[in-house]
Amino acid sequence: MNRPQSSDYINFHDHGSVPVDGVFSVDNIMVHEGRSPSSMKGITHSVGAHPWFIDEDNFDRYLLRVRDMSGSDNVIAIGETGFDKLKGPSVDLQRKAFERHFELAEELSKPLIIHCVRAWPEILAEKKRLKPKTPWVIHGFKGKKELAQQLCDKGFYLSAWVEWAIRPVSADTLNNIPPERLFLETDGFDIGIEPVYKVVAGYLGMEVEKLREQIYKNYTSIIK
């Protein structure tokens, strides 16, 4: 398994990562893409069937592909999976896929990466119902501070959506996320992770190196 160095900037959620000196990326493989886990230096993977791309016809095939790839040494998390009220199939089918990803994450003791759009009641209900033993990380978070506090109180980790994280309006919410629950990501956008750390560190009133050290600690606390 590829592991970050303590001096690395960790990019917790990316698409199509390429090696960059000093950066450790979690490259998300969506199984409909047909990609497989790599062994490139500085890159590891999460694997999932994204809720936008599942339907009744491909469901079993895609979920089997998730299972087949999830045992790879260089796959450190399951997902992204979750609920999207704006795009994708019925909530019932999204829930069925979510449960399958959850079961796999529990079986393999790997964190679950969650996609959630306008479906916070569903995610909170699933957390209460399923009582996971493995960490759940909300990828692409861009909510208000009250939602951030509610999710962190329930044990979630939050990976801040890149375009949201660098906006001044987000500073108040970022300051209400416990540092030990925070990750940063580029989500495939054409931007390096280092400037994101610089901006967010400024909002948090901390040195970039301290933020980098904190996110490294967060990563190593949930990836065994």
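The legends below describe close-up views of a predicted model.

Residues are numbered from 1 along each chain as its sequence is written, and side-chain values use heavy atoms, with hydrogens and water left out. Because the model is predicted, local features need pLDDT of at least 70 and side-chain atom pairs count only at pLDDT 80 or more, while totals for chains, interfaces and linings use all residues.

**View 1. The salt bridge between Asp 27 and Arg 35.** A salt bridge is taken here as a side-chain nitrogen of Lys or Arg within 4 Å of a carboxyl oxygen of Asp or Glu, and a search of the whole structure finds 9 of them. In the pair shown, the closest N and O atoms of Asp 27 and Arg 35 are 2.8 Å apart. Asp 27 is buried, with a relative accessible area of 2%, whereas Arg 35, at 27% relative accessibility, counts as partly exposed. Buried means under 20% relative accessible area, exposed means over 50%, and partly exposed lies in between (1.4 Å probe, protein chains only). Side chains of opposite charge can pair when their charged atoms come close.

**View 2. A salt-bridge network that includes residues of helices H2 and H3.** Helices (H or I, at least four residues) and strands (E, at least two) are DSSP runs, numbered from the N terminus. Asp 92 and Arg 95 both lie in helix H2 (residues 91-108), 3 residues apart, which is about one turn of the helix, and their side chains meet in a salt bridge of 3.5 Å, N to O. Asp 92 is exposed, with a relative accessible area of 59%, while Arg 95, at 24%, counts as partly exposed. The side chain of Arg 95 also meets that of Glu 126 in a salt bridge (3.4 Å, N to O). Arg 95 lies in helix H2 and Glu 126 in helix H3, so this pair ties together parts that are 31 residues apart in sequence. Glu 126 counts as buried, at 4% relative accessibility. Through salt bridges that share partners, Asp 92, Arg 95, Glu 99, Glu 126 and Arg 129 are joined into one network.

**View 3. Arg 118 and Lys 131, two residues other than glycine with positive phi values.** Arg 118 lies in the loop between strand E5 (112-117) and helix H3 (120-130), and its phi is near 55°. Lys 131 lies in the loop between H3 and strand E6 (136-141), with a phi near 50°. Arg 118 is exposed, its relative accessible area being 61%, and Lys 131 is exposed as well, with a value of 60%.

**View 4. The surroundings of Ile 113 in strand E5.** Ile 113 counts as buried, at 2% relative accessibility. Contact here means heavy atoms within 4.5 Å; leaving aside neighbours within four places in sequence, Ile 113 is in contact with Phe 12, His 13, Ser 46, Ala 77, Ile 78, Gly 79, Glu 80, Thr 81, Val 137 and His 139. One of these partners, Ala 77, is 36 residues from Ile 113 along the chain, and the C-alpha atoms of the two are separated by 6.8 Å.

**View 5. The packing of helix H7 against helix H8.** H7 (193-204) and H8 (residues 208-222) pack at an angle of about 100°, with their axes 9 Å apart. Axes are lines fitted to C-alpha atoms, for helices over the stretch in contact, and angles run from 0 to 180 degrees between N-to-C directions. The angle makes H7 roughly perpendicular to H8, a label given to angles of 65 to 115 degrees. Tyr 197, Lys 198, Val 200, Ala 201 and Leu 204 in H7 meet Val 208, Leu 211, Arg 212 and Ile 215 in H8.

**View 6. Lys 224 in the segment after H8.** Lys 224 is exposed, with a relative accessible area of 68%. Apart from neighbours within four places in sequence, Lys 224 is in contact with Met 1 and Arg 3. The C-alpha atoms of Lys 224 and Lys 41, which are 183 residues apart along the chain, are separated by 18 Å.

Technical notes. Parallel < 35°, antiparallel > 145°, perpendicular 65-115°, else oblique.
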